[in-house]
Amino acid sequence: MTPDEAKQRVLYRDRLVLVLDKPAGMPVHAGPGGGDTVEDYFRYLCFEHPRPPSLAHRLDRDTSGCLILGRHHKGLRRMGKLFQQGVVGKVYWAVTTGIPEVGAGIVDQPLSKLTPAGGWKMVVDPAGGQPSVTEYRVLGRSSEGLAWIECRPRTGRTHQIRVHMAHIGAPLLGDRVYGDAGQRVRMHLHARSVRIPLYAEKPPIFVEAPPPEHMQNALKACGWDGIP
C-alpha cells in the first residue's frame, strides 16, 4: 500500500476508534518472514491525533475486511472490555469448497493448538480444547459445489472459522492448511462487518467492508448480487 491507499481504506473514524478495510495477504504485525505489515501504515492514520492508532484485535494474514483500531489508550481500553464481554458483533463471509449438510446451525467444538514438526495448526479437541462457537448460515450455492457462507463467531479463537467450517465438510476455498493443500488461489475469508456498542448514549457503530476483488467471482457464482 501507499500512504494514500491506507487512508482510502479507512471505513469509519471517530475520536476513539477507527475501522480499516484490511487487504488480504498482508499480516497485521511483523512476523518471522518480514515484509510489509498493516501496522507499518498506522503512522499515516493519525489524522488529528498526535500518535498513531493501535490494534484492538487481529485478523489472519489472508483474511480481508473490517479491522478495528483504537486511536488512543481510552479507545483501546474500551474496545478490550467490549471484546472481553463478547458484545462486539462480527460477521464474516466465506466461500467454501463444500456445502454443509445443514443450511444453518452452530458449530460448538473446542479447539487446541497442535505443534507437529512441520508447523502448528488448530484442531478440534473435545476433551481439552478451549470453548469455540461459530454460528453459520448458507447464503448461496454454485453449480460447481461452492457455498457462500455467513459466519458469526461467538468466540475468538485462532483460525476458528477455518477449522469449524472444515469440520462440517465445508473447508474454505484457498485454505491450504485446513482444506486442499494443492490449491493455488487466495483464501476466501472476509470480515464483512462489525457492530460496536461503543457509546452507551448512542446506537452501536455499524461498519461494512466490500468484498475483495479475489472473492467476487466466486461470490457471484454463489448468487451474490455484486452490491458492495
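A residue is termed buried when its relative accessible area is under 20%. By this criterion, in the predicted model considered here, helix H3, which spans residues 160–167, is mostly covered, with six of its eight residues buried. The buried positions of H3 are Gln160, Ile161, Arg162, Val163, His164 and Met165. Just after the helix, glycine 169 adopts a positive phi of about 85°.

Histidine 164 illustrates the covered character of this helix, to which the residue belongs. Its relative accessibility is 0%, and histidine 164 therefore counts as buried, the limit being under 20%. When neighbours within four places in sequence are set aside, the contacts of histidine 164 are Val107, Gln109, Leu111, Ser132, Val133 and Thr134.

Another buried residue of H3, Met165, is also a member of the largest nonpolar core, which contains 45 residues. Met165 is among the members that touch the most others, together with Leu45, Ile68, Met79, Ile149, Ile196 and Leu198. For methionine 79, contacts beyond four places in sequence are made with Val17, Ala56, Ile68, Val88, Ile196 and Leu198. A second core, separate from this one, comprises eleven residues, including Trp93, Trp148, Ala218 and Cys222.

Attention now turns to the pockets. The largest pocket holds about 920 Å³ of space. Its lining consists of 31 residues, of which Leu59, Asp60, Arg61, Thr158 and His159 are the closest to the pocket centre. Two elements, strand E5 (89–96) and helix H3, each supply two or more residues to this lining. The greatest contribution comes from H3, with three residues. In composition, the lining of the largest pocket comprises 13 nonpolar, eleven polar and seven charged residues.

The second largest pocket contains about 230 Å³ of space. Its lining is formed by Phe83, Gly86, Val87, Val88, Gly89, Lys90, Glu135, Arg152, Pro153, Arg154, Thr155 and Gly156. Strand E5 and strand E10 (147–153) are the elements that give two or more residues to this lining. The lining residues of the second largest pocket divide evenly into four nonpolar, four polar and four charged. Val88, which lines this pocket, is also one of the contacts of methionine 79. Strand E5 likewise appears in both descriptions, as a contributor of two or more residues to the lining of the largest pocket and to that of the second largest pocket.

Definitions and conventions:
Residues numbered from 1 in each chain as written. Predicted model: local features only at pLDDT ≥ 70, side-chain atom pairs only at ≥ 80, totals over all residues. Heavy atoms only, no water. Core = buried A, V, L, I, M, F, W, Y, C linked by side-chain atoms within 4.5 Å. Buried < 20%, exposed > 50% of the residue type's maximum accessible area, 1.4 Å probe, protein only. Contact = heavy atoms within 4.5 Å. Helix = DSSP H or I, 4+ residues; strand = E, 2+ residues; numbered from the N terminus. 1 Å grid on protein atoms, 1.4 Å probe; cavity = no way out; pocket = protein on both sides within 12 Å on 5 of 7 lines; lining within 4 Å. Points joined across faces, edges and corners; volume = space filled by probe spheres on them. Nonpolar A, V, L, I, M, F, W, Y, C, P; charged D, E, K, R; others polar.
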